[in-house]
There are 2 protein chains.
Amino acid sequence: MFSVIKNDKHFNARVGFLNLPHGRVDIPCFMPVGTLGAMKGLKHAVLEKLECNLMLANTYHLYLRLGIKTVEKYVGLHNFTTWNKNFLTDSGGFRVFSFSDLRKIDLKGVHFKFHIDGSYHYFTSEGIFAMQEIFGSDIIMPLDICSSYGIDYNEANLYTNITTNWASSTFKSSKNRKEGYNGLLFLITQGNFFKDLRKRSINDILELDSPGIAIGGISVGEPREKYLEILEYSFLLIPKEKPRYVMGIGTPHYILNAIYYGIDIFDCFNPARITRHGSLLTDNGIMCIGRKEYKDDTSKVEKNCICTLCKRYSRGYLRHLIKSKELFGIVLASEHNIHYMFRLISKIRAAILNDDFLNFRTSYLKKYEEENFDE
Amino acid sequence: MFSVIKNDKHFNARVGFLNLPHGRVDIPCFMPVGTLGAMKGLKHAVLEKLECNLMLANTYHLYLRLGIKTVEKYVGLHNFTTWNKNFLTDSGGFRVFSFSDLRKIDLKGVHFKFHIDGSYHYFTSEGIFAMQEIFGSDIIMPLDICSSYGIDYNEANLYTNITTNWASSTFKSSKNRKEGYNGLLFLITQGNFFKDLRKRSINDILELDSPGIAIGGISVGEPREKYLEILEYSFLLIPKEKPRYVMGIGTPHYILNAIYYGIDIFDCFNPARITRHGSLLTDNGIMCIGRKEYKDDTSKVEKNCICTLCKRYSRGYLRHLIKSKELFGIVLASEHNIHYMFRLISKIRAAILNDDFLNFRTSYLKKYEEENFDE
């Protein structure tokens, strides 16, 4: 099911694969975010051509915007979306807790108010599993509490315990699943930024022996050193036999560091989101296409890229589209950034296979360190 | 340059072609609107595959949003956009007069204020030609005054005279064009909804003997009967040797009626614009995909359509994307509606060639008459 083909000689980075119900996924794996079952402006065919085998969708959004009954009627999310590769569905815990003044936690789950229409809902750990079972998700994520950076120990302790309890209950649900359903449950470790809580969370979760482990609750606004500290600390506690997933990171340097610490899967909303400001990923760092210097620039964004944008259109034309808020500009930029991410990951895999990951990481990060990747 | 292959036996509808600098255009011709040199969310390749040979762009928008110098630097609009088929560029007169409280007309042109940034500009009939010469437009439109429905005779008379004067002056510019530039000037007839003004305008314009004639200032909010009355009246005054263009109509029934009155070219913003409300063109009329009945509908929008949407995705999935304001929904709907329009035009051409246009029109309009095509 999960195999490591190659460990970097000196570091924790590794290459391997994970067999899922809708096909094999190579790791390290960049997972594009298709929250509602679609990527920003991109036809499925674009992702299929890139051999993207795993997309992230979100239970919270699908439940609220689409409704579980519709997915049931279509006999699953794959049929509904015609995405015939794998889906990892996040539970939406992160979203619930992003609107924390609107929710109330109890032992079984969380009551919350949908900020768009004011309607009230109740997510339980068991219910969240049941929904993802209806989706036919290839990787299921349990309900968890993603707490903020800076809360005190007692609060963090409480949330960590609740997350662990929910994990146990989801795990039980997964043992009583429908026959024939083979989605993998990845349990989530939390613990905020307290090492002893992280340790306890990981140990408790490991006891359940789920087929994959996620590190949640980092990259939530803490300083980068703090992120790396908790990432490294957590990584050391997770046995190498488990595929490891870090939730919600998105920039090339965060990804390179995650891979450095032995992370196998990560989701990235960022490459699509930054397109609306005309930010393009390139090997020379972020290109902000809105800058004046690109106004009359007849060259391509990247010479060696084979996306629709780079094969045909100039920087000046893209700048014009983005500045004029033409939909077509977003479509082109979105496709480029996704192409870029897949190219980057494939270079990383090659570097690991050639025991060259350290060099690659060092020279790559030099270009990105000084760039502002934020929106 | 312009040839009619076939006139419908009983009606004015006709099939033919127009040779332009960037290739032959079959008529009747549906011209998609790519105001800024791009169609709503669509890659050029989609239009190329549909054998679209003529796109409309807008001088007003390109001047304000992009700047003429950039187009000059790229040696024309075709190079800038990589659209290697024909461009018709509208002068933008319609836009200037849509914001009529912000403009001041004189004999040479019009002063106006750009509503976005408050900057002041001056368009002259000669300047408008010069810009389109820089664009390398395949069909050039002169500056004109597109007046509103309901104004009085004196005002309409004044605007008609000014439009004719500008047409003369643009015509002179076109005689002094750069060597090697072969764009065709289509002069615009106006006259509001007064037949004698229409007649005088057409006669004056015809004296200049431009290679094409446009009927401007209809479909501006008047009742449909009024539109048809002026269309028929104008058509009868334009000799059959001239290609005829009706500006700014967009719905299937307006188009069918225009073709019925011998119109060869029309531009259509509508098929792209209506997508944001989830309106889809089908042979059974407009499908409003947002309706509840499509929520769990697993069938395709149209069985026989070969667009990306109809080849792969269900009505329920599209509805979900449109309702959730996912960009991908607009991209799919936009491609479908453009596919639909090209299919419709090709059916119309076939019907004319088979002397079956009347039947086709009657049975087609039955389905559309009762539908609301408005946004």
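**Entry 1. The interface**

I began with the two chains and found 41 residues of chain B in contact with 41 residues of chain A. The model is a predicted one, and I read every value below as computed from that model. Putting chain B and chain A together buries about 3,500 Å². Carbon and sulfur atoms give 57% of that area.

I then looked up the charged pairs across the interface and noted 4 salt bridges between chain B and chain A. One that I checked runs from B:Glu48 to A:Arg312, at 2.6 Å from N to O. I also checked B:Arg312 against A:Glu48 and found a salt bridge there, with 2.6 Å from N to O. B:Arg312 belongs to helix α12 (residues 308-312) of chain B and A:Glu48 to helix α1 (residues 44-49) of chain A, so this pair joins two chains.

Are B:Arg312 and A:Glu48 buried or exposed? I put B:Arg312 down as partly exposed, because its relative accessible area is 23%. A:Glu48 is also entered as partly exposed, at 27% relative accessibility.

**Entry 2. Salt bridges within a chain**

Over all chains I have 24 salt bridges on record. I picked two for a closer look.

In chain A, the side chains of A:Lys226 and A:Glu229 form a salt bridge at 3.8 Å, N to O. The cut-off for a salt bridge is 4 Å, so the pair counts. Why can these side chains be placed about one turn apart? Both residues lie in helix α9 (residues 224-237) of chain A, and they are 3 residues apart, which means a separation of about one helical turn. An α-helix has 3.6 residues a turn, so residues three or four places apart point the same way. I noted A:Lys226 as partly exposed at 25% relative accessibility, and A:Glu229 as partly exposed at 32%.

In chain B, B:Asp355 and B:Lys6 meet in a salt bridge of 3.1 Å, N to O. This pair links distant parts of the chain, with the two positions 349 residues apart in numbering. I located B:Asp355 in the loop between α14 (327-353) and α15 (357-369) of chain B, and B:Lys6 in strand β1 (residues 2-7) of chain B. B:Asp355 is partly exposed, with a relative accessible area of 27%.

Back in chain A, I traced shared partners and found A:Lys195, A:Lys226 and A:Glu229 joined into one network of salt bridges.

**Entry 3. Aromatic rings**

I turned to the rings and have 30 aromatic pairs over all chains. A:Tyr60 and A:Phe123 make an edge-to-face pair, with 6.5 Å centre to centre and 85 degrees between the planes. This pair also links distant parts of its chain: A:Tyr60 is in helix α2 (residues 59-66) of chain A, and A:Phe123, 63 residues apart from it, is in strand β9 (residues 120-124) of chain A. I noted both A:Tyr60 and A:Phe123 as buried.

B:Tyr260 and B:Tyr261 form an edge-to-face pair at 5.0 Å centre to centre, with 85 degrees between the planes. Both B:Tyr260 and B:Tyr261 are buried. What lies over the face of B:Tyr260? I found B:Arg361 there, 3.9 Å from the ring centre. A second case in chain B is B:Arg24, whose charged end sits over the ring of B:Phe17 at 4.0 Å from the centre.

I also followed ring pairs into a cluster, which is made up of A:Tyr74, A:Phe80, B:Tyr313, B:Tyr317 and B:Phe328.

**Entry 4. A hairpin in chain A**

I looked at strand β15 (residues 279-282) of chain A next. A:Ser279 and A:Leu281 point one way from the strand, A:Leu280 and A:Thr282 point the other way, and all are buried. β15(A) pairs with strand β16 (residues 285-288) of chain A in the antiparallel sense, over 4 bridges. Which residue of β16(A) is the bridge partner of A:Ser279? I have A:Cys288 in that place. β15(A) and β16(A) form a hairpin, with 2 residues between them.

**Entry 5. Helix α6 in chain B**

Last, I listed buried positions in helix α6 (residues 125-135) of chain B, among them B:Ile128, B:Phe129, B:Met131, B:Gln132 and B:Phe135. B:Ser125 and B:Glu133 are buried in this helix as well. I then read on past the helix: α6(B) is followed by B:Gly136, which has a positive phi, near 75 degrees.

Definitions and conventions
Residues numbered from 1 in each chain as written. Chains lettered and ligands numbered in written order. Predicted model: local features only at pLDDT ≥ 70, side-chain atom pairs only at ≥ 80, totals over all residues. Heavy atoms only, no water. Phe/Tyr/Trp six-rings, centres within 6.5 Å; stacked < 30°, edge-to-face > 60°. Buried < 20%, exposed > 50% of the residue type's maximum accessible area, 1.4 Å probe, protein only. Lys NZ or Arg CZ within 6 Å of the ring centre and 35° of its normal. Pairing = 2+ DSSP bridges. Contact = heavy atoms within 4.5 Å. Buried area = accessible area lost by both parts, 1.4 Å probe.
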